[in-house]
Amino acid sequence: MNTIVNSRIDEKVLYEKLDSGLKIFFMPKPGFSKKYAVFSTNYGSIDNNFIPIGEEENLVVPEGIAHFLEHKLFEEEDEALFEKFSRLGASVNAFTNFNQTSYLFSTTDNFYESLELLVKFVQSPYLTDENVEKEKGIISQEIKMYDDDPGWRVFFNCLRSMYVNHPIRIDIAGTVESINTITKELLYKAYNTFYNPSNMVLFIIGDLSFEKIIEVVKSSEKKFEKKEENIKRIYTDEPKEINEKFIEEKMVTSTPLFYIGFKDSDLNLMGKDAVKKDLITNIILDLLFSPSSLFYNELYNEGLITSNFGAYFTGKRTYGHSLVIGESHKPKIVYEKVLNLIDKRGEEVLKLEDFNRIKNKNLGNFLMGLNSIEFIANNFVDLYFDDFIILDYLDVMEEIQYNDILKRFKNHFTRGNVVLSIINPI
Amino acid sequence: MDLKVDKIKLGNGINLNLIYTDKFKSNLLSYYIVRPLNREDVTKNALLPLVLKRGNQKLNTTLEVEQKLDELYGSNLSLTVNKRGEKHVIRFTLEWADGSYFNDDSYNLKTIDLLNDIVFNPYLENDSFSKEYVRQEKENLKDRIEGKINSKRSYAVDRCIEEMCKSEAFSLYSFGYVEDLPSIDEKNLYEHYKNVINNSPIEIIYVGKYDEKLISHIKESNKMNRQNIIYLSREKIDYDIEEVNVVRERLDVNQGKLVLGYRTGIPFEENLYNGLLIASDILGGGPNSKLFRHVREENSLAYYIGSMVIKYKSILLIDGGIEFENYDKTTKIINEQIEKMRNGDFSDDDIEISKKAIKASTESIKDSTYLISEFFFSQQLSNDFRSLEEVLNDIDNVNREDIIEASRHIALDTIYFMSK
């Protein structure tokens, strides 16, 4: 057993790797009522082209299959899984994003029994032609719900205009057409490839005993015959250039919604380097666009934006983008103003005193985030798959220098890599 | 650990509620100002937090306020209105990382002063609010009100309540009405603000670490000498339903939104209300509920379907997203499942499962400064001073007969359906 301690924030993480290849991390939270476990595989919607385990040829799977599989793992041969968790007083859920599929539960009682259930159900798929067919109706309704959500559509249109080939263009749940081509056989291929313990992580947080956790996981995990350490994922080359400058659509909505996206070309970073780039870019976005920025206040006072305005950067090894988001009656003018802002010299728009203020803010926000069991669990797993432990976050934050900000501003925010997506009212 | 509140009366109609805990890395301070929900004031109430956020006598502009928040280690300010039954609550909350992390003793006090200034010392020009701020925030509020259509699910729920409670204050939209905006200006809004400050019940809730110095600081800065405090009456919950009101609204959407509104007439003050909470949970509380199992899992009709109880009006709502053509099929299954509840067609297991679910969510309140604050405010609002343990105990004591009895009170009033 290993321990990682950060005394400054008064938190620690315990760690153990089992013989199966599965890694377990545990963060003690004495005094908390809620206990939370998340079992995640490094497999999301962007992993749609891969060499199935034990095969030679690559396989391109239908859009939305990772998410479909997430739904289907809740299927059990005997009693409904939801019922088993409910009986223990635990609340179970799952989500799929671009990069991971996660299964989680929270409970105040019967934690270890619930943990056993979690490990067992994720490791024992029960798929039949019939239950795969049944799920298509449910997921179709989920897709249609998102189709009616202007906030979701303006976001995906923005991704599609930034990326030419990268599967981040694909809707996580797929389309009604694509999910109708999903079969039991395809689901098993995806499952066997990506749900190998060495591609997964189990994170647990709460007022619990790590010895007991390890004991429960050891006795409930499945013994895999083939240990696959090296999954072959295939990504088509993505050009540095954007796909199209502008995309517009009409929907039932009130004020027009907009996303301005800057596509990142500084890719292939992992661990500390990736986190540092992420932090640097988000500090720049805060300096430029947060409610404490001059730009925000000017546009707000002119009535060009509302308080629903903000910006963030997100990225992984193979993609990255900064998004400036809001609603406006004149989105194209906001876009022009954003471009005029990024045309300026870094020293002019990014002030050293403001930089220090934003660092203060980040420090406080991170500390407050550590109050939330959900915040920690979700971020832990996300960062873990990038090869980073969340406890080191503050240290990286403090390493960031003013010069890093200026350099990144110059390279990332240009007129060459920017797109505009708008949803207008019908 | 049980949470204890230390309640201190600061003046007529204003209380300070202190909840000590050292479990969190932050502290939270909330002001809850309670108004009656009525057509005349609803828009003005909604506008107040927007204008107050713009500036105070020390920090005149949003830019200064926001920069101050950054400096105070990203203190998190949230101002909003929401309706609790037929009361309109204006809430001001600040949460900040505890000063012990920054070796700064005065920092906790600075954040407390900031929130106090936002609530009580607004930026003024010629003895009224700033004309420009009010003009801008009216525009923003207009966008906000019109924006209710953006989330189809919550829009459908609001529309069902609006139709169902047509002649009741509860039908009012929390953020008010666009047609009220032209008659509001910086002068009459400031008059309204003074009224609100002078005669509303105010609850101040502090959650986190504190010492004598901090407490006396809060006490001193919030002392008020007020005469008449408005009386807020309990909502009417008994209504006769002559016939079921069916409302169909056409919008260019991909998915139909179905909302069914039921009257139960069971006041939250009565023990039977606990039976209603469990009945609603068995019916549509979670993935183990009857609606989830029958509408979603067995018939693949919906992705989401569930039920909830609106406490102060004793209303039960069911909402789901379905294909347009599955309206009849879905409502039929819903009716069948409610009938089963009335006939006692549910297992002891169902009861236990629901009790556990309610217990888990009640216990989780202890893990969030914000939920702790909301819990104690809600107690004040409903004159219910049971501890969390007592609340859980009452849930535990519900038996099968209570659930059947509560289910028999569920009467369909309004069906709302959004379709193409």
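Two strands count as paired if DSSP finds at least two bridges between them; keep that handy for the sheet later on. What you have open is a predicted model, where local features need pLDDT of at least 70, side-chain atom pairs count only at pLDDT 80 or more, and totals for chains, interfaces and linings use all residues. Residues are numbered from 1 along each chain as its sequence is written, while chains are lettered from A and ligands numbered from 1 in the order in which they are written.

**Stop 1: chain A.** Select the whole chain and you'll get 16 helices and 14 strands (DSSP runs numbered from the N terminus: H or I of at least four residues for helices, E of at least two for strands). Its C-alpha atoms fill a box of roughly 60 × 50 × 40 Å along the principal axes. The radius of gyration is 23 Å, which agrees with the value near 22 Å for a compact globule of 426 residues (taken over C-alpha atoms; the rule is 2.2 Å times the number of residues to the power 0.38). Of those 426 residues, 46% count as buried, meaning that 20 or more other C-beta atoms, placed from the backbone, lie within 10 Å of the residue's own.

**Stop 2: where the chains meet.** Now show both chains: 53 residues of chain B are in contact with 49 residues of chain A (C-beta atoms, placed from the backbone, within 7 Å). Which element gives the largest share of chain B's side? Color α11(B), which brings eight residues. Others that supply at least two residues each include α2 (62-71), β5 (87-97) and α4 (131-146) of chain B. By type, chain B's side divides into 17 nonpolar, 18 polar and 18 charged residues (Ala, Val, Leu, Ile, Met, Phe, Trp, Tyr, Cys and Pro are nonpolar, Asp, Glu, Lys and Arg charged, and the others, Gly among them, polar).

**Stop 3: a sheet in chain B.** Select the open, five-stranded sheet of chain B, in the order β9-β13-β10-β12-β11 with mixed pairing. At its edges sit β9 (245-250) and β11 of chain B, each pairing on one side only. Further in, β10 (residues 256-263) of chain B runs antiparallel to β12(B) over eight bridges. Pick B:Tyr262 and you'll find B:Leu316 of β12(B) opposite.

**Stop 4: helices on that sheet.** Bring in α4 (residues 129-147) of chain A, which packs on the sheet and touches β11 and β12 of chain B, its direction making about 70° with that of β11(B). Angles run from 0 to 180 degrees between N-to-C directions, using lines fitted to C-alpha atoms, for helices over the stretch in contact. Finally, add α8 (residues 272-284) of chain B: this helix lies across β11 and β12 of chain B, at about 175° to β11(B).

Methods
Two residues are in contact if their C-beta atoms, placed from the backbone, lie within 7 Å. A residue is buried if 20 or more other C-beta atoms lie within 10 Å of its own, exposed if 12 or fewer, and partly exposed in between; C-beta atoms are placed from the backbone.
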